[in-house]
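These notes follow the empty spaces of the model and the ligand that belongs with them. Please read them with the structure open beside you.

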Amino acid sequence: MNASASSYGRFITFEGGEGAGKSTQITNLASKLSAAGIKCISTREPGGAPGAEDIRNLLVTGETGRWTSLTEALLFAAARDDHLNRTIRPALEAGTWVLCDRFSDSTRAYQGAAEGLSPEAIETLDKLVVGPTQPDLTLVMDLPVEEGLARATSGEAGDENRFERMGTAFHERLRAAFLSIAANEPERCAVIDGSQSKADVTEAIWKAVATKFSDLAEAG
Ligand code: TYD
């Protein structure tokens, strides 16, 4: 498919461990797309709609062990359903591209691989909540765990750090999980080396986007 083939927007998700620099890169991609004449919005999970932002608060603050992995996955699913219905689907239907900071691969990696929730439970929820609104392209930002955690914890000292406090082994499982998702779905996913300079990461992302949506190749 290419952008001229339908009036639907494209859905691009950014995934990866903590401190991978996703938000800067989403901003950079949004301005490059706008410069290429493409209307896009940037959003995030958990959150991206008023109700989903309320649920976010339950997920990213407080004791590390406050939820079981299933409760946590259900809360993420509830937030995702709200986000999809209020923000993502209306934008895509209007022809707007959606750039999303984390989406369902984070549930697979965090609640699945790192916290041990079964793939069956996760895929059942995904079918119910996401259904056909799967990402067209997923950019997996990869970098060594120590580097990512150092970057994530050197930022402003807010209280939204429940997952950052989960420990290094947890974050190693996450990294392996994201790489394995990307290896299993090479059509949808591109792995981006997040330890390069910011400018090089921006360039690598643009290349992946232009490759996936070939009608953009001349626009960069
Ligand atoms: P956030 O501060 O947005 O993290 P980051 O800047 O790393 O994206 O907090 C979101 C946290 O929620 C993050 O640690 C990953 C986690 N998460 C899950 O565990 N499952 C999910 O499905 C999603 C979307 C996020």
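1. In this predicted model, the largest pocket is lined by 34 residues, and those that lie nearest its centre are E18, K22, R56, E160 and E164. Two or more residues of that lining come from each of α1 (22-35), α2, α3, α4 and α6 (145-153), and the largest share, 4 residues, is supplied by α4.

2. The volume of the largest pocket is about 1,000 Å³. Sorted by class, its lining consists of 14 charged, 11 polar and 9 nonpolar residues, a division that is worth keeping in mind when the ligand shell is considered below.

3. What occupies the largest pocket? The space in question is the one taken by the ligand, so that the description of the pocket and the description of the ligand site can be read together. There are 15 residues around the ligand, of which E18, K22, R102, T107 and Q111 come nearest; E18 and K22 are also among the residues nearest the centre of the largest pocket.

4. Turning to the elements that form the shell around the ligand, at least two residues each are supplied by α2 (50-60), α3 (69-93) and α4 (104-114). The largest share again belongs to α4, with 4 residues, and by class the shell holds 7 charged, 3 polar and 5 nonpolar residues.

5. Which side chains place an N or O atom at a short listed distance from the ligand? For R80, an N or O atom of the side chain is 3.1 Å from an oxygen atom of the ligand, while for T107 the distance between a side-chain N or O atom and a ligand oxygen is 2.6 Å. In the case of Q111, the partner on the ligand is a nitrogen atom, which is 2.8 Å from an N or O atom in the side chain. The ligand on its own has 550 Å² of accessible area, and 88% of this is covered by the protein.

6. Apart from the pocket, how many cavities of 30 Å³ or more are counted? The count comes to 2, and the largest cavity holds about 140 Å³ of space. Its lining is made up of 15 residues, with G17, E18, L143, V145 and R175 lying nearest its centre, and the elements that give two or more residues to this lining are β4 (137-142), α6 and α7 (168-184). The most comes from α7, which gives 5 residues, and the classes divide into 8 nonpolar, 4 polar and 3 charged.

7. The second largest cavity contains about 90 Å³ of space, and its lining is formed by A73, F76, A77, R80, S104, T107, I122, L125, D126, V129 and V130. Two or more of these residues come from each of α3, α4 and α5 (119-129), and by class they are 7 nonpolar, 2 polar and 2 charged.

8. A few residues deserve a second look, as they appear under more than one heading. R80 and T107 line the second largest cavity, and each also has a side-chain N or O atom at a stated distance from a ligand oxygen, 3.1 Å for R80 and 2.6 Å for T107. E18, in turn, is one of the residues that come nearest the ligand, and E18 is likewise listed among those nearest the centre of the largest cavity.

Notes. Residues numbered from 1 in each chain as written. Predicted model: local features only at pLDDT ≥ 70, side-chain atom pairs only at ≥ 80, totals over all residues. Heavy atoms only, no water. Near = heavy atom within 4 Å. Polar contact = N/O pair within 3.5 Å; in protein donor to acceptor, adjacent residues only side chain to side chain. Areas by Shrake-Rupley, 256 points an atom, 1.4 Å probe, with all protein chains shown as cover. 1 Å grid on protein atoms, 1.4 Å probe; cavity = no way out; pocket = protein on both sides within 12 Å on 5 of 7 lines; lining within 4 Å. Sits in = over half its atoms within 2 Å of the grid points. Nonpolar A, V, L, I, M, F, W, Y, C, P; charged D, E, K, R; others polar. Points joined across faces, edges and corners; volume = space filled by probe spheres on them.
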